[in-house]
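Please open the model in your viewer and keep the sequence panel beside it, as the stops below are given by residue number.

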Amino acid sequence: MAEQQVLFDEPERPEPDTPAPKPPRYTEPIPLAAPDGTVFGYACPRCWQIRSPVHAFTRVEPTAEVLAQRRNDADRCCRCYACNRALAAGSLGKCKSCRAKSEEEERPRWEAWEKAQEDDAAAFAFRLRDELKTWDADRPDPYPLTIAHGRDGLKFFAFPLELDEAPGEIAARACAMFWYDRNQGAPFGYGPTPEAALADLREKARAIQAEARASNSKG
Ligand SMILES: [Zn+2]
Ligand SMILES: [Zn+2]
């Protein structure tokens with residue numbers, strides 16, 4: 001009976017509002033030693049974690065070479081991997097200035113990529129516009145036509161294209177949102193239902209055809 005009561009006893013709680021003592025911050029790797037003083041590895045002086053593969057810690061005393069490697073593993077933890085500056089405990093990667101430097105180095109590549117994306121979107125918009133000039137918007141079953149459901153919360157898209165010519169991002173992949181952001185200038189149909197997307201595409205085709213007729217009669 002007494003044993004059962006123990007089970008339901010409230011566990012002892014620590015005093016509230018007692019701030020935990022701040023752990024000391026060391027500058028050198030922390031040696032991990034047996035009671036006789038034999039050092040078998042090192043912990044990071046900043047986060048105290050062991051970065052060497054711990055499965056390699058066996059009862060065999062490590063050679064000087066292995067020990068040096070373990071010391072080095074501990075020393076490199078919580079340091080910028082580019083310039084070796086010590087970081088806050090538990091931080092990985094690069095320090096702030098090395099991050100800024102690599103962003104600067106990456107910029108031309110990033111800008112070229114942005115430009116290529118914009119060119120692709122412009123080419124796609126041009127192509128759809130061109131298709132719509134001759135697309136029969138008044139036919140009950142216009143051809144070609146692909147209506148796809150965008151994933152990630154996007155609704156329905158209608159294209160004056162064959163299925164295998166429609167952007168793969170829309171129906172097949174999860175990055176439709178990115179495609180949509182990039183390609184909003186293209187005249188595709190869009191709507192909450194397939195019918196609404198088709199109606200939108202018909203509207204856009206009519207507008208493009210009216211515009212083409214107007215510029216033809218001017219020229
Ligand atoms: Zn660390
Ligand atoms: Zn750095």
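Which residue in β4 is the bridge partner of histidine 149? Select histidine 149 and then phenylalanine 156, which is its bridge partner in β4. This is a predicted model, in which local features need pLDDT of at least 70 and side-chain atom pairs count only at pLDDT 80 or more, while totals for chains, interfaces and linings use all residues. Residues are numbered from 1 along each chain as its sequence is written, and chains are lettered from A and ligands numbered from 1 in the order in which they are written.

Next, widen the selection to β4 (residues 156–159), which runs antiparallel to β3 and is joined to β3 by four bridges; two strands pair if DSSP finds at least two bridges between them. Adding β5 gives an open sheet of three strands in the order β3-β4-β5, with antiparallel pairing. At its edges lie β3 (146–149) and β5 (189–191), each of which pairs on one side only. From one strand to the next, the twist averages 20 degrees.

Now select helix α6 (residues 194–218), which packs on the sheet and touches β3, β4 and β5, a contact being two C-beta atoms, placed from the backbone, within 7 Å. The direction of α6 makes about 145 degrees with that of β5, where axes are lines fitted to C-alpha atoms, for helices over the stretch in contact, and angles run from 0 to 180 degrees between N-to-C directions.

Finally, show the whole protein, which has six helices and five strands, where helices (H or I, at least four residues) and strands (E, at least two) are DSSP runs numbered from the N terminus. From the N terminus on, the elements run α-β-β-α-α-β-β-α-α-β-α.
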